[in-house]
Amino acid sequence: MALTEDIKSLLPHREPFLFVDAIISADEKGCVCEHTFTENEFFFKGHFPEYPVVPGVILCETMAQAGGAALRYLNIVPADGLFFFATLDKVKFRNQVRPGDKVRMEIEFLRNSPKMIKQSGKAYVGDTLCAEAEWMCLVGSAN
């Protein structure tokens, strides 16, 4: 499936704010994607210098990027569409994600339309559930 360079053709995000390395699987029901958080991530300098942890909001962004990349990969949403968070619900942080951790995002597609996307996801490190959430994104354009 799609690897980092291919992901750049699917998402408008770029480093240091691109949080999808690969799409492992994707179909009309959902997807599985991965991202490894390296020790060089910009937010570790301040969150927290002595004990770096991926901020929860970044985990939510990572799951949403995974879902968006897969929808583009499957040609379910337009290639020129931009996704903007509209809601973020049922968010739970269950375990820390640290530098060097490979996060597996399991995303379920709940509803897709030309102007709105609703998804839910879980983020794991190994078999450990680290975060879960449900979100809705509005689909807009850069024009």
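These legends walk you through several close-up views of one predicted protein model. Residues are counted from 1 along each chain as its sequence is written, and side-chain values use heavy atoms, with hydrogens and water left out. As the model is a prediction, local features need pLDDT of at least 70 and side-chain atom pairs count only at pLDDT 80 or more, while totals for chains, interfaces and linings use all residues.

**Figure 1. The whole chain, with its two helices and six strands.** Follow the sequence and you meet the elements in the pattern α-β-β-α-β-β-β-β. The radius of gyration is 14 Å, close to the 15 Å that the globule rule gives for 143 residues, so the chain is as compact as a globular protein of that length. Helices (H or I, at least four residues) and strands (E, at least two) are DSSP runs, numbered from the N terminus. The radius itself is taken over C-alpha atoms, and the globule rule is 2.2 Å times the number of residues to the power 0.38. Along its principal axes, the C-alpha trace spans about 45 × 30 × 25 Å.

**Figure 2. Surface and inside of the protein chain.** How much of the chain is buried? Buried residues account for 43% of the 143 residues; buried means under 20% relative accessible area, exposed means over 50%, and partly exposed is in between (1.4 Å probe, protein chains only). The accessible surface comes to about 7,500 Å², and 53% of that belongs to carbon and sulfur atoms. These areas come from the Shrake-Rupley method with a 1.4 Å probe, and for residues only the protein chains shown count as cover. As for charges, the mean positions of the 15 positive and 19 negative ones are 5 Å apart. Here Lys and Arg count as positive and Asp and Glu as negative, while His and the chain ends are not counted; each charge is placed at NZ of Lys, CZ of Arg, CG of Asp or CD of Glu.

**Figure 3. Cysteines without a disulfide.** A disulfide is a covalent bond between the sulfur atoms of two cysteines. In this model it is taken as a pair of cysteine sulfur atoms within 2.5 Å, and the count by that rule is zero. Take cysteine 31: the nearest cysteine sulfur, that of cysteine 33, is 3.9 Å away. Why is cysteine 137 not bonded to cysteine 60? Its sulfur is 11 Å from that of cysteine 60, the closest one, and this is too far for a bond. Cysteine 31 is buried at 4% relative accessible area, and cysteine 137 is buried too, at 8%.

**Figure 4. Isoleucine 7 in helix α1.** Is this residue buried or exposed? Isoleucine 7 is buried, with 0% relative accessibility. Skip its neighbours within four places in sequence, and its contacts are Ala2, Leu18, Val20, Asp21, Ala22 and Ile23; contact means heavy atoms within 4.5 Å. The C-alpha atom of alanine 70, 63 residues away along the chain, is 9.1 Å from that of isoleucine 7.

**Figure 5. Proline 99 in the loop between β3 and β4.** Proline 99 is partly exposed, at 28% relative accessibility. Its C-alpha atom is 4.8 Å from that of glutamate 39, although 60 residues separate the two along the chain. Proline 99 touches Phe37, Thr38, Glu39, Phe44 and Pro52, not counting residues up to four places away in sequence. Across the chain, 60% of the contacts between residues at least 6 apart in sequence join residues at least 24 apart.

**Figure 6. Backbone oddities.** Most residues other than glycine have a negative phi, and most peptide bonds are trans. Which bonds are cis here? One joins glutamate 15 and proline 16, with omega about 10°, and proline 16 sits in the loop between α1 and β1. Another runs from histidine 47 to phenylalanine 48, with omega near -10°; phenylalanine 48 is in the loop between β2 and α2. Then look at phi: asparagine 75, not a glycine, has a positive value of about 60°. Asparagine 75 lies in the loop between α2 and β3 and is exposed, at 66% relative accessible area. Lysine 90 also has a positive phi, near 50°. This lysine 90 belongs to strand β3 and is exposed at 58%.
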